[in-house]
Amino acid sequence: MTRVWAIVLRQFYLLRGSPVRLLPMIAWVAIDIVLWGFLSRYLTAVAGERFNFTAALLGAVLLWDFLTRIMQGVTTAFFEDVWSRNFLNLFATPLTVLEYLAGLVVTGVLTSLLGIAAMLVLATFVFHLSFLVYGAALAPFVLVLFVSGITLGVLGTAIVLRFGPASEWLIWPIPSVISPFVGVFYPLSTLPVWMQAIGRALPPSYVFQNMRRILAGQGADWDGLAIAGGLAAIYFVLAFTVFAWVYRYAMRTGLIARYSAETAG
């Protein structure tokens, strides 16, 4: 745990030394919530009380942003080591891959809490979104999205480690690429059959399907949420396995040398 804490402490020093790094964690979240909050308020005014657009649209945005912030918290901590050419220095120490990944996950969770707190404050006090409407299903919602966010973050770091720092730009769009398949704002039944098949293989799709079921008064599909939990656990283990394999490959082939400080500039 001392080594894991060292990874977390390094990120803390980065934030303390450059507080401007905190701004993107809050600003983009606030923009999303304000934009979708006022849109849902407008739709509710047009449709009357027939449908709760605030819970449906703003709730979906907040839950999806939750996953995105968790993922970006993990990948950004890794990118800080890549940008500073510090990655190779870390593994010149007795630090293990598992300890490093654990440090990234803890860092990602702690930094993403800032954005999540901003989302909750705006959604609750400005747009009066109450998460009590989701009932007991809120706990598995958060757990599935949390594990999925970590999985995507670890997978993103593995991609950059394998293909080099330039592949960083493949990582940022991942949530946007996945969102159409998981039906953040619409049922999977509206998608083509091949997209539905992909959606059913992605854990977040079960969260958003259940969210709409609850708002429609049908109750949660606990079997579906159990499937989502099982898929999330499988992908979680696979992501860590992939990262470990990529790291061993990079060490064996010498690819890890491209992260050396001597190659900077």
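**Note on a predicted helical model**

1. Start with a charged pair. E99 and R3 form a salt bridge, and their closest N and O atoms are 3.4 Å apart. This pair joins distant parts of the chain: E99 sits in helix α5 (residues 97–126), R3 in helix α1 (residues 2–17), and the two positions lie 96 residues apart in numbering. The model is predicted. The count of salt bridges in it comes to 1.

2. Is R3 buried, partly exposed or exposed? Its relative accessible area is 38%. Buried needs a value under 20%, and exposed needs one over 50%. R3 is therefore partly exposed.

3. Stay with helix α5 and look at T107, which lies in it. T107 has a relative accessible area of 4%. That is under the 20% cut-off, so T107 is buried. Which residues does T107 touch, leaving aside neighbours within four places in sequence? The contacts are I7, V8, Q11 and A77.

4. Next, see how α3 meets α5. Their axes come within 7 Å and cross at roughly 145 degrees. The crossing of α3 past α5 is right-handed. On the α3 side, the contact includes L58, L62, D65, F66 and A77. On the α5 side, it includes Y100, L104, T107, T111 and A123. Sorted by class, this contact has 15 nonpolar, 5 polar and 3 charged residues. Find A77 and T107 in the viewer: A77 is one of the residues that T107 contacts.

5. Helix α3 (residues 53–83) also meets helix α7 (residues 174–182). Here the axes come within 11 Å, and the angle is roughly 145 degrees. The crossing is right-handed. From α3, the residues in contact are W64, T68 and M71; from α7, they are I174, P175, I178, S179 and V182. What classes do these residues fall into? The contact has 6 nonpolar and 2 polar residues, with no charged ones.

6. A general point helps in reading such contact lists. An α-helix has 3.6 residues a turn, so residues three or four places apart point the same way. Keep this in mind when you trace each helix in the viewer.

7. Now turn to helix α2 (residues 22–47), where M25 is found. Not counting residues up to four places away in sequence, M25 touches L15, T111, L114 and G115. T111 also appears in the contact between α3 and α5. How far is the C-alpha atom of M25 from that of Q72? The separation is 9.5 Å, although these positions lie 47 residues apart along the chain.

8. S18 makes a useful contrast. It is in the loop between α1 and α2. Its C-alpha atom is separated from that of Y42 by 39 Å, and these residues are 24 apart along the chain. S18 has a relative accessible area of 21%. Since that value is between the cut-offs of 20% and 50%, S18 is partly exposed.

9. Check the length of helix α6 (residues 138–163). It has 26 residues. At 1.5 Å a residue, it should span 38 Å. The end C-alpha atoms are 37 Å apart, which agrees with that estimate. What happens just after α6? G164 takes a positive phi of about 100 degrees there.

10. Finish with L215, in helix α9 (residues 203–215). Leaving aside neighbours within four places in sequence, L215 is in contact with A55, A56, V133 and Y134. Take Y134 as an example. The C-alpha atoms of L215 and Y134 are separated by 7.6 Å, while the two residues are 81 apart along the chain.

How values were computed. Residues numbered from 1 in each chain as written. Predicted model: local features only at pLDDT ≥ 70, side-chain atom pairs only at ≥ 80, totals over all residues. Heavy atoms only, no water. Helix = DSSP H or I, 4+ residues; strand = E, 2+ residues; numbered from the N terminus. Expected span 1.5 Å × (residues − 1). Contact = heavy atoms within 4.5 Å. Axes fitted to C-alpha atoms, helices over the stretch in contact; angles between N-to-C directions. Left-handed = near helix turned anticlockwise from the far one by under 90°. Nonpolar A, V, L, I, M, F, W, Y, C, P; charged D, E, K, R; others polar. Salt bridge = Lys/Arg side-chain N within 4 Å of Asp/Glu carboxyl O. Buried < 20%, exposed > 50% of the residue type's maximum accessible area, 1.4 Å probe, protein only.
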